[in-house]
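User: I would like a close look at a single part of this model. Please take one element and tell me what it contributes to the spaces in the structure.

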Amino acid sequence: MLEGKNALITGSTGGIGGAFASALADKGCNIMLNGFGAPQEIEKLRTAVEAKGVRCAYSPADLAKPAEIGQMMRATEAALGSVDILINNAVVRYLHPVEEFPAAEWDQAMAVNVSAAFHTIRLAIPGMRKRNWGRIINMGSIHSMRARENRIDYVTAKHAVIGITKTVALELAQTGITCNALQPGWVLTQHGERIIADQMARSGSSREDAIRTLQEARQPSRRFVALEEVAALAVFLCSDAAASITGATISIDGGWSAAS
Ligand code: NAD
């Protein structure tokens, strides 16, 4: 049923966004990629997605700039025909205690991690309403429920994303458009690699020991959530079987949120 649907995935030049692109393309969706990175790497990803037999385009829009978000939405419609599936996945992360948090970094985090989702959603809805079909997935996090020191931007943004998700779901409840949020625990992407490297530097431990220590403080499963597992959940939410799931916040965190 996803064959021929068009999916715009923000922040899909790597990490979880790249996994969404790959998994949706496997189901026959055409893909608009977005995000930053080395041009040759992005082109490699674009051709790899296209090799699955779908169309795949790329928008370099900077999501901190609403005008560029507008361009990306129009470019998606021009390249693919519509935005049927929208995944708000892009993220920036900073790390400071609140009293030292640079105001410019706060503004950037709110723009990319919160306002961009508002803009993409408001621009995608008119077309989805016309077709009476749409799937909006917003990336929350374990930090949509749990705070963490030195991450006020991320924790605030991930809580806000849940507010966006629930409000949009209510406004669209009597249409064929759903809006949900995924709340992953720890998925190993570039960000996680940095956390592991910091732990190794701090403790002088091996990579395996650093991961064990970090996992013990987080996920009861003691393993990373796999990229493919998060992507498979998104594919399910895009299916007809998930038509009544809307306004939901779905944890995929190896038991992290269940622990006290
Ligand atoms: P990542 O850091 O690997 O990728 C982030 C993407 O956002 C990149 O493609 C980057 O280029 C893009 N981006 C950053 N600023 C941008 C801007 N101004 N305009 C356009 N694109 C921009 O991220 P990830 O770890 O794959 O996480 C993806 C999503 O999943 C995020 O919303 C994150 O909060 C959420 N999440 C991740 C984890 C995890 O453990 N990795 C856990 C919970 C939630």
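Analyst: What follows is a close look at helix H4, and at the cavity, pocket and surface patch in which it takes part.

The model is a predicted one, and helix H4 covers residues 103-131. The structure holds one cavity of 30 Å³ or more, and the space in this largest cavity comes to about 90 Å³. Its lining is made up of 13 residues, among which Asn88, Asn89, Ala90, Asn113 and Ala117 lie nearest the centre. The elements that each give two or more residues to this lining are H4, strand S5 (134-139) and helix H5 (152-171), and the largest share, four residues, comes from H4. Sorted by class, the lining of the largest cavity consists of seven nonpolar, five polar and one charged residues.

Helix H4 also takes part in the second largest pocket, where about 150 Å³ of space is found. The residues that line this pocket are Phe118, Ile121, Arg122, Ile125, Arg129, Ile164, Thr167, Val168, Glu171 and Leu172. Both H4 and H5 supply at least two residues of that lining, with H4 giving the most, namely five residues. In terms of class, the lining of the second largest pocket divides into six nonpolar residues, one polar residue and three charged ones.

Turning to the surface, Trp106 is a residue of helix H4, and together with Val98 and Ile152 it forms a nonpolar patch whose accessible area is about 250 Å² in total. Trp106 has a relative accessible area of 30%, and therefore counts as partly exposed, since that class lies between the cut-offs of 20% for buried and 50% for exposed.

Taken together, helix H4 gives the largest share of the lining of the largest cavity, gives the most to the lining of the second largest pocket, and places Trp106 in a nonpolar patch on the surface. Helix H5, for its part, is among the elements that give two or more residues to the lining of the largest cavity, and it likewise supplies at least two residues of the lining of the second largest pocket.

Conventions:
Residues are numbered from 1 along each chain as its sequence is written. This is a predicted model: local features need pLDDT of at least 70, side-chain atom pairs count only at pLDDT 80 or more; totals for chains, interfaces and linings use all residues. Side-chain values use heavy atoms; hydrogens and water are left out. Patches are made of residues with over 30% relative accessible area and no salt bridge: like charges are joined within 9 Å, nonpolar side chains (Val, Leu, Ile, Met, Phe, Trp, Tyr) within 5 Å. Accessible areas come from the Shrake-Rupley method with a 1.4 Å probe; for residues, only the protein chains shown count as cover. A salt bridge is a side-chain nitrogen of Lys or Arg within 4 Å of a carboxyl oxygen of Asp or Glu. Buried means under 20% relative accessible area, exposed over 50%, partly exposed in between (1.4 Å probe, protein chains only). On a 1 Å grid over the protein atoms alone, a cavity is a set of points where a 1.4 Å probe fits but cannot get out, and a pocket is an open set with protein on both sides within 12 Å along at least five of seven lines; lining residues have an atom within 4 Å of a point. Grid points are joined across faces, edges and corners, and a volume is the space filled by probe spheres set on the points. Ala, Val, Leu, Ile, Met, Phe, Trp, Tyr, Cys and Pro count as nonpolar, Asp, Glu, Lys and Arg as charged, and the others, Gly among them, as polar.
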